[in-house]
Amino acid sequence: MGQTQRSLLGILAAGIVAWAVAFAPASATPGDQTIWKVGLSRVKITPSRPVVLLGYGDRSGPFESVAQDIYAKALAVEDGHGQRAVIVTADLVGWQAAVVTHKVCRRIQEKTGLDRSRLLFNASHAHTGPLVSLDPSAEANSVAHAPMTPNDIRETTAYTKELQKKLVALVCDALARLEPARLAWGMGRVDFPTNRRLPLEGRIVMRDNPAGPTDRAVPVLRIEALDGSLKAVLFGCACHNTSLTGRDNVIAGDYAGFAQEYIEGQHPAAQAMFMSGCGADANPSPRGSMEIARRHGSTLGGEVLRVLAAPLKSIQGDLNTAYREVDLPLQALSRAELEARAGLPSAEAVMARHMLSVLDGGEVLPDRYRAPFAVWQFGGDLTLVALPAEPVADYVALVGQALGRDKLWVAGFNNDCFGYLPTAQVVREGGHEAIGITLWIWGRSLRSKAGFFASEVEDVVLSTVRDLAEQASAAKPVRDTKCGNVNGR
Ligand SMILES: [Zn+2]
């Protein structure tokens with residue numbers, strides 16, 4: 001772990017120097033600037049009926065109250081060539097591809113003609129949001145949700161179907177509201193994200209490890225109208241959205257929700273959108289109450305406002321996107337190896353026991369998982385790398401090394417939340433973030449989707465990101481004419 005930290009520090013130092021150069025006040029005159037178009041929309045996704053929440057296994061029954069409304073929000077962007085793309089963010093644990101994202105994306109593509117590479121769904125990983133599933137499992141799940149009655153299952157299914165419709169309308173609404181705008185971005189920092197992989201007595205336990213690798217950067221994308229007024233801000237933080245715990249059986253956006261509320265409170269005409277970073281191995285410190293969630297939200301929101309008021313790097317050029325679904329390798333474990341893991345005092349045991357139950361049911365465990373990756377290239381000024389699932393913090397440095405460039409925003413929790421995305425080192429060390437594919441928590445049809453990633457997963461992730469970044473950088477602008485239908489409706 002020491003070696004990783006040193007390499008991380010080296011890269012951070014180099015990044016700061018590059019940053020100082022890149023973030024000198026933009027020299028382009030207003031007349032030289034790319035005029036983007038931006039469309040915004042939001043929809044409340046607070047359940048109107050009682051549903052079971054996803055994130056903790058120690059709750060019982062549906063949520064008890066609404067501490068804060070939760071939202072899905074869309075940001076549609078069009079470059080000077082008419083190329084469009086949409087980012088959707090939401091106060092949810094994650095987007096599960098088989099249950100939500102694939103179906104919603106297909107419907108949006110039918111309506112708008114947008115290429116799949118131009119739709120990006122990011123979840124805040126709030127553990128105080130509803131379970132999203134079309135076929136939830138009734139049995140209690142020690143890492144995910146309470147046992148469900150037949151009525152709970154009906155309510156969750158109904159909520160999920162309604163959510164799917166809301167998401168399609170959300171994206172179409174944003175595309176229909178495109179107006180001229182300027183984009184600029186910068187980076188801040190918060191200190192509450194804290195590494196949660198503590199080496200103790202020869203294994204990794206989930207406890208604060210302030211010396212462990214953590215990405216404390218706060219990337220900020222400012223979207224302003226041509227009169228200079230703030231239209232929207234997309235901001236990130238790489239930390240589990242878990243200031244609240246299983247004791248809080250309430251609907252809320254946790255620190256990310258409170259940060260959005262804080263920013264929108266200061267800028268009532270603007271839309272604030274939260275984008276998760278590589279925070280699989282970070283928890284907020286401290287954590288454990290609504291008051292703490294609010295405090296972290298104010299800290300993060302305050303930092304975003306500070307960055308917004310500082311000189312930012314304006315974004316010029318085209319928006320080119322690349323997307324690929326790639327097989328990530330899983331470990332081939334014998335029954336004896338699984339039984340050995342099932343006896344460990346850790347989350348790995350929960351995964352191993354589930355895998356054994358799959359085998360006992362006569363089903364076959366997968367040897368790979370097909371995961372979606374995307375890179376969005378905003379001119380030469382910003383590369384947005386959209387990793388799926390829950391990536392650990394070291395991926396920020398590793399992606400920086402792999403691409404050999406700065407001006408990077410490495411986001412996690414995009415398009416498919418299939419579990420944890422570990423590095424080779426995390427696979428070797430074990431611990432909670434090594435448990436891999438946890439799709440079985442999302443639905444009965446996903447019961448056999450379980451497995452520990454092989455250490456080669458890191459190489460596959462990095463080579464995929466490298467290929468996609470090259471593809472996005474080399475892309476020639478293509479106007480997607482079918483999208484015009486949406487605008488004209
Ligand atoms: Zn998580």
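In this predicted model, a good place to begin is V86, which, leaving aside neighbours within four places in sequence, is in contact with A74, L75, A76, R118, L119, V171, A174 and L175. V86 also belongs to the largest nonpolar core, a set of 154 residues. Together with L75, V233 and V304, V86 is listed among the core residues with the most contacts inside it. L75 thus appears twice in this picture, as a contact of V86 and as one of those core residues. The element that gives the most to this core is helix 3, residues 150-175, with eight residues.

From this core, the view can be widened to the whole chain. Eleven helices and 25 strands are found in the chain. Its radius of gyration is 21 Å, close to the 23 Å that the globule rule gives for 489 residues, so the chain is as compact as a globular protein of that length. Along the principal axes, the C-alpha trace spans about 65 × 50 × 45 Å. Of the 489 residues, 55% are buried. Among contacts with a separation of 6 or more, 81% are made by residues 24 or more positions apart.

Helix 10 offers a helpful example of how one element sits in the model. Helix 10 covers residues 457-474, 18 residues in total, and reaches 26 Å from its first C-alpha to its last, close to the 26 Å expected at 1.5 Å a residue. Its buried residues are V457, E458, V461, T464, V465, L468, A469 and A472. Seen down the helix axis, these buried residues fall within an arc of 135°, so they line one face of helix 10. A general feature of helices is useful here: an α-helix has 3.6 residues a turn, so residues three or four places apart point the same way. On the other side of helix 10, S463 and A474 are exposed. The cover over the buried residues includes helix 8 (394-403) and helix 9 (424-429), along with strand 18 (319-329), strand 19 (368-378), strand 20 (382-388) and strand 23 (420-421).

Finally, a word on confidence. The mean pLDDT of the chain is 90, and 90% of the residues reach 70 or more. Over residues 1-30, however, the pLDDT is below 50, and this stretch has 29 contacts in the model beyond near neighbours in sequence. Residues 481-489 also have a pLDDT below 50, with 16 contacts beyond near neighbours in sequence. Where pLDDT is low, the predicted coordinates should not be read in detail.

Key: Residues are numbered from 1 along each chain as its sequence is written. This is a predicted model: local features need pLDDT of at least 70, side-chain atom pairs count only at pLDDT 80 or more; totals for chains, interfaces and linings use all residues. Helices (H or I, at least four residues) and strands (E, at least two) are DSSP runs, numbered from the N terminus. The expected span of a helix is 1.5 Å times one less than its number of residues. A residue is buried if 20 or more other C-beta atoms lie within 10 Å of its own, exposed if 12 or fewer, and partly exposed in between; C-beta atoms are placed from the backbone. The arc is that of the directions from the helix axis to the C-beta atoms. Two residues are in contact if their C-beta atoms, placed from the backbone, lie within 7 Å. A nonpolar core is a set of buried Ala, Val, Leu, Ile, Met, Phe, Trp, Tyr and Cys residues joined through C-beta atoms within 7 Å. pLDDT is the predictor's confidence in each residue, from 0 to 100. The radius of gyration is taken over C-alpha atoms; the globule rule is 2.2 Å times the number of residues to the power 0.38.
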